[in-house]
Structure formats: C-alpha cells, structure tokens
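Student: I am new to this structure and would like to understand some of its local features. May we go through them one at a time?
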Amino acid sequence: MVVQTVLGPVPVSEIGFTLPHEHVYAKLWLIPGRYDYAGQIDNEDILVEELGEFTVRGGSCLVDLTLPGIGRDPLRVADVARRTGLHIVAGTGFYREPYYPPEARIDRRTVESIADEMVWEIEVGIGKTGIRAGIIGEIGTEKSWVSAQEERVCRAAGRAQARTGAAITTHSVLGRVGLDQLDLFVAEGADPRRVIIGHCDWIADLDYCQTVIDRGASVAFDAFGHPDPYTRGLENMVCEFILELLRRGHASQLLLSQDVCGVVNLKRFGGAGYSYVQERVIPQLLEGGATEDHIRTMTVENPRRLLAGPPRPPIGARPAGRATL
Ligand SMILES: [Zn+2]
C-alpha cells in the first residue's frame, strides 16, 4: 500500500508523524462579501521556513486540504514538498457552498458527474499536472445544516470513496452537522471507517465526539494553536476530551492537527506555526496521562491507515479518457 503524495506514491512505511488537516497556500478571501480573512501568505520562501519548524521536530507528512475555489495549486505545493523534504498529500472535491467556484457548476451537474471528477483526480491526476489527490476533502458545510448543493457534493464524495477507497475528511464546525455529512457518505456506499469528521474541537461536545466514534468514523481535533480566542480558550478542555477518549480506548479513531490557513497562524507573524502540536499539545497530553503509544497511534498509525491506498497504474498506462466537467 502507498500514500499518494504530490511527488508520487510513497510506501506507507515511510510515512511518519503526520498533520492530517493543514493548508500550504490558501486564498480564503475570494468569497463574495467576505473581507474578514487575512489569508495565507503567497511566498514560497516563508512557507518553506515555517514548515521547516515541523520537519526539524520530526514531522514527516502533511495533508493539504486546499480545494478549488480557495487557492489549490498542486504544482506550487509540489515545489514546497521538494524544498522541505515533506510528504504532502493533496485533496480533491469542493469545500463548502459559498466557496464553490462558479466553473464547478455544482447546481448543473449530477452527483455522478461530481463523483467522476473526484475519482479522476485520485486515479489520473488534477487537471494536466499529473499530480494525484490522496484524500477527498475537506468536504464542508457552511452552516449547521447541509445545503442542497452541499448535499450533492457530500453524496459525490461518498460515491468517490466507495469507488476509490480514498478517505474522506470534512469541515464540520457548527453543531452536530458532521453526523449529517456522515449519513450522506454512508448512504452512497462510503465506509465510515474511512471518514474523518474534522474540526471537532470547535464543537466542545464530548458526546458528539463519542457518537462519531460509535458510528465508526475518526474524530479530528485540528484547531490547535489557532489565534481565534474561542478555540484557544477551549484548548485545555479539548485536551481533557482527548485524554477521556484515550481512557475509553479510542486512540485509533483520534487525529491531531492545526489547520494552518493564514498569515495569522505563521510564527513569523506571531502565530503558533506548523509545530504547535509537537511543541505544546503532545507534552500536555503526556503530562495528563497519555502514553507514547497513544501519541504514536494518533500521529503516525492513524494517518498511515487513513491515507493508505493501492498503487495506481502509471498515467501513461491508462486508457485514454477525459475528466468529466
Ligand atoms: Zn482546513
């Protein structure tokens, strides 16, 4: 089994400490009427320097969930992967309704056509780059409900998961909407064990996390280090949730990340950077009673299992075809 990175397939055994929900380049301010995001810096040297903080502390792999409409650029991410030596995995799919790019024509396509596009990016490549996606997501909802367009994308993600085996990872920030997304994925044939419900730390609801786990999916606590006073204020409580879920025996369904997506997250500009989980979160969990085995399960074994897939045939070996748009 391999992990599909922007520089090609990598044997799973070579993947070490992984951040499963991050962004390299991102342009979150493109949505009409929204001017409140600082956005990510468009400077490769600074991003390479910031990511270096993660690698010097033992970081091996990072999942970049930037999708079309918010600045996805796999060729530039591949350059960053070359310069940092990091294994970087790219996502496929569409983010959440206000960010769906007009050219994606979500309202005018069938679920199957959207699923075909995701499958194509996983099996053949993103556009003409020859770079394959290694995960579906982040698949999101804007509010605490799933809009009609978002339902179409969720159903397509479920079908693409069933067809390719690639994991789905979500953006689910308001209420228990992650469970509604999970229902849609599963209704289309997805395996809940290959679904990651993201942003669970924003909800601050241990019962919700337990329900996601009982349904077979994984829970991602991925807002560590965010400057947002709301999530920063919840961090100690989130660590207590993780410790409780570890005591309940759920280490194999927990993931840790930081969702770095803007200049405010970068160390150079006063943020916590890409190494906050290593520097602050893991020591706090160990102090609270987590074991080294727990940490390895959450940061190495779980990402390996969720990112692993079969090697795909070389692009030139595939029959000619074209992506459905
Ligand atoms: Zn994100």
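Tutor: Certainly; please keep in mind that this is a predicted model. We may begin with Glu138, which is found in strand 6, spanning residues 135–140.

Student: Which residue does a cis peptide bond join to Glu138?

Tutor: Glu138 belongs to strand 6. The peptide bond in question is cis, with omega at about 15°. The residue it joins to Glu138 is Gly137.

Student: Is Arg105 buried or exposed?

Tutor: Arg105 is placed in the loop between strand 5 (87–92) and helix 3 (111–123). Its phi is positive, near 50°, although the residue is not glycine. A residue with 12 or fewer C-beta neighbours within 10 Å is classed as exposed. Arg105 has 12 such neighbours inside 10 Å, and therefore it counts as exposed.

Student: His199 has a positive phi as well. Is His199 buried or exposed?

Tutor: The phi of His199 is near 60°, in a residue other than glycine. His199 lies in the loop between strand 8 (195–197) and helix 6 (206–214). The cut-off for a buried residue is 20 or more other C-beta atoms within 10 Å. Because His199 has 24 C-beta neighbours inside 10 Å, it counts as buried.

Student: How far apart in space are Asp116 and Ala156, C-alpha to C-alpha?

Tutor: Asp116 is found in helix 3 and is partly exposed, with 19 other C-beta atoms within 10 Å. In sequence, Asp116 and Ala156 are 40 residues apart. In space, their C-alpha to C-alpha separation is 8.2 Å.

Notes. Residues numbered from 1 in each chain as written. Predicted model: local features only at pLDDT ≥ 70, side-chain atom pairs only at ≥ 80, totals over all residues. Helix = DSSP H or I, 4+ residues; strand = E, 2+ residues; numbered from the N terminus.
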